[in-house]
Amino acid sequence: MATATARADFKIETSTRSLGYNLPQRMGRLLWFPMFLMALMFFGAGMVLGIVRADEISDGGAADTIATLQHVQAGVMFLGFASVFAAISFAIARILGQFRAGGGEAQAAARRSVETLKMPGTAKLFIGLMAVALMTIVVASVLHLVFAFDIDNTPASLADAEERFIVLEGVRRTGVAVFLFAILLGLATIIRVLRFQAVRMRELPDEEPTL
Amino acid sequence: MTALAELVKRPPPDADPTQKLRVRNVAIAVGLAGVALVAAALVGNLLVASDDAGVDNLFWTFGVSITGFATLKLGIALVLTGIVVRLWMRVDAVRAALPHLKADSDPEGNVQYGNIETPFGPGTLTEKAPGLLPPQAMARIMWKPMILMGPMLVLVGLALSFATTGADDPDTSQALWAWTQGTQFLGEAMLLAGISFLLGTILAGLREGGGEVQESLGLAVKTLRMPTSAKFFLVLMFTGLMLGIAQFVLYGIAAYVDDPATWFAWLGPLRELSLGILLSGIVLALFTIGTVLGFQHWRIRQIIETGR
């Protein structure tokens with residue numbers, strides 16, 4: 001049974017054994033690899049689509065086909081970026097899980113009370129912003145794919161396609177920026193966890209062992 | 001930059017671990033500035049889409065967006081330097097605490113040095129702490145020039161993007177636009193390579209620190225052999241960086257060709273592929289760090305429980 005306490009500037013939970021991984025960390029351990037594989041597939045597909053589109057332009061292909069390929073290529077490539085940023089976020093969560101579970105197990109092995117850092121504010125923001133950014137990029141990419149199949153070979157339709165592309169370009173770039181900021185916060189959380197571990201390790205020798 | 005280099009030097013063993021690192025807050029502020037730049041570029045894109053601004057404004061919105069990404073990556077690099085410093089403080093804390101926590105045990109008799117199996121993969125058992133692996137030694141040197149050159153190239157590209165916006169002559173515009181894209185994405189690739197090298201520096205610190213702690217206790221030193229994920233990380237990192245350089249050279253050619261639209265159509269995905277591969281390498285580097293940390297916690301527990 002864990003109890004929540006606050007000391008110095010760390011909010012901690014005290015227990016008799018390691019608290020193990022929390023839910024986001026378990027998800028991180030499970031999902032980093034599928035996301036990594038998806039990213040590689042989307043990047044490869046995006047590159048192939050780019051070459052196909054270049055070939056169409058070179059051969060003087062129809063304007064609507066070229067515009068369609070532009071939307072599809074951007075959508076696929078940015079699904080790749082969404083996947084790779086998700087994989088990075090999950091890998092960071094996995095690292096935080098190693099600190100949480102491993103740090104607790106080391107304290108338990110030393111027969112001291114197990115103190116675990118409660119989830120810091122930066123970690124909560126990391127998860128929240130990651131979800132927002134992921135949704136932003138995925139929605140923008142899906143809209144690219146939806147709009148791609150709504151293009152006719154008329155000046156009005158082609159102009160609409162161009163306008164939509166410019167808007168979605170800005171939106172997905174903003175999604176990438178928010179994702180990078182979320183990753184920054186995830187890494188900043190590691191600094192805090194490392195500080196806590198260093199402080200806690202130095203405390204252990206002065207504490208009485210529990211039974 | 002000198003101050004940044006100082007930051008990754010090992011803190012003294014008696015450094016106060018309760019003291020907060022200012023670099024963490026600076027990095028968050030830098031990251032927010034990056035988000036603001038990209039948001040400003042988004043406004044530019046929306047104005048162009050609604051016909052309130054000319055299409056040529058898309059050149060500078062591109063430049064500002066990429067500069068925003070570079071600013072965010074610089075923030076991430078700053079956080080990683082903070083992690084390197086904190087890892088050394090953790091090493092010193094573990095080294096100070098373990099002699100008081102480890103179980104009493106008789107000296108080991110005939111120790112069989114060589115290859116061992118651990119729950120985290122193959123490792124080695126040695127009398128002394130093993131040195132750094134060549135890629136780790138390289139990472140410690142290389143992150144600094146990469147982090148220095150990356151932002152410089154991105155800023156040169158930003159200036160070129162503004163010059164493209166104001167260019168009237170089509171040939172000049174084509175050349176400037178090609179160099180803008182090539183230069184900025186080479187800068188981005190270098191920044192990501194710098195971040196990769198910083199992750200390699202973290203892995204170097206984990207290896208060196210883990211060996212140092214075990215050796216200071218007079219124990220046989222258990223070290224993980226280079227995991228497969230680390231080998232793939234190196235392959236992806238160098239592939240991504242090479243593609244980043246290649247796209248720069250190819251944009252240099254595209255600046256003066258007769259059919260730039262064809263060239264830009266495949267160079268755009270190529271430059272994104274180079275960053276995507278570098279980012280994929282970073283995923284594997286982070287996975288490797290997680291594995292090494294799991295091994296270290298397992299080893300600390302083993303020393304506490306068995307004294308060996």
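Helices (H or I, at least four residues) and strands (E, at least two) are DSSP runs, numbered from the N terminus. This is a predicted model, in which local features need pLDDT of at least 70 and side-chain atom pairs count only at pLDDT 80 or more, while totals for chains, interfaces and linings use all residues. Residues are numbered from 1 along each chain as its sequence is written, chains are lettered from A and ligands numbered from 1 in the order in which they are written, and side-chain values use heavy atoms, with hydrogens and water left out.

**Exercise 1. Describe the end of α7(B) and the residue B:G307.**

Step 1. Locate the residue: B:G307 lies in the segment after α7 of chain B.

Step 2. Read its backbone angle: the phi of B:G307, which follows α7(B), is positive, near 75°.

Step 3. Classify its accessibility. Buried means under 20% relative accessible area, exposed over 50%, and partly exposed in between (1.4 Å probe, protein chains only). B:G307 has 2% relative accessibility, so it counts as buried.

Step 4. List its neighbours, where contact means heavy atoms within 4.5 Å. Not counting residues up to four places away in sequence, B:G307 touches B:K102, B:A103, B:S105, B:L219 and B:Q302.

Step 5. Compare sequence with space: B:V257 and B:G307 are 50 residues apart in sequence, and their C-alpha atoms are 70 Å apart.

**Exercise 2. Check the spans of α7(B) and α2(A), and say how far each is covered.**

Step 1. The expected span of a helix is 1.5 Å times one less than its number of residues.

Step 2. For the 47 residues of α7(B) this gives 69 Å, and the end C-alpha atoms are 68 Å apart, which agrees.

Step 3. Of these 47 residues, 41 are buried, so α7(B) is largely enclosed by the rest of the structure.

Step 4. α2(A) also has 47 residues and should span 69 Å; its end C-alpha atoms lie 68 Å apart, in agreement. Burial takes in 43 of the 47 residues, so α2(A) is mostly covered.

**Exercise 3. Characterise the contact between chain B and chain A.**

Step 1. Count the residues: 70 come from chain B and 64 from chain A.

Step 2. Give the buried area, the accessible area (1.4 Å probe) that two parts lose on being put together, summed over both. The two chains bury about 5,900 Å² between them, 79% of it on carbon and sulfur atoms. On the chain B side, B:R24, B:V283 and B:H297 lose the most area to chain A, together 10% of what that side buries.

Step 3. Look for salt bridges (a side-chain nitrogen of Lys or Arg within 4 Å of a carboxyl oxygen of Asp or Glu). The count between the chains is one: the side chains of B:R301 and A:E105 meet at 2.6 Å, N to O.

Step 4. Assign the chain B side to helices: α2 (22–49), α3 (57–101) and α7 (260–306) each supply at least two of its residues. The largest share, 27 residues, comes from α7(B).

**Exercise 4. Place two residues with positive phi and classify their accessibility.**

Step 1. Most residues other than glycine have a negative phi.

Step 2. A:R111 is not a glycine, yet has a positive phi of about 55°. A:R111 is found in the loop between α2 (63–109) and β3 (114–117) of chain A, and at 46% relative accessibility counts as partly exposed.

Step 3. B:D51, also not a glycine, has a positive phi near 65°. B:D51 lies in the loop between α2 and α3 of chain B and, at 67% relative accessibility, counts as exposed.
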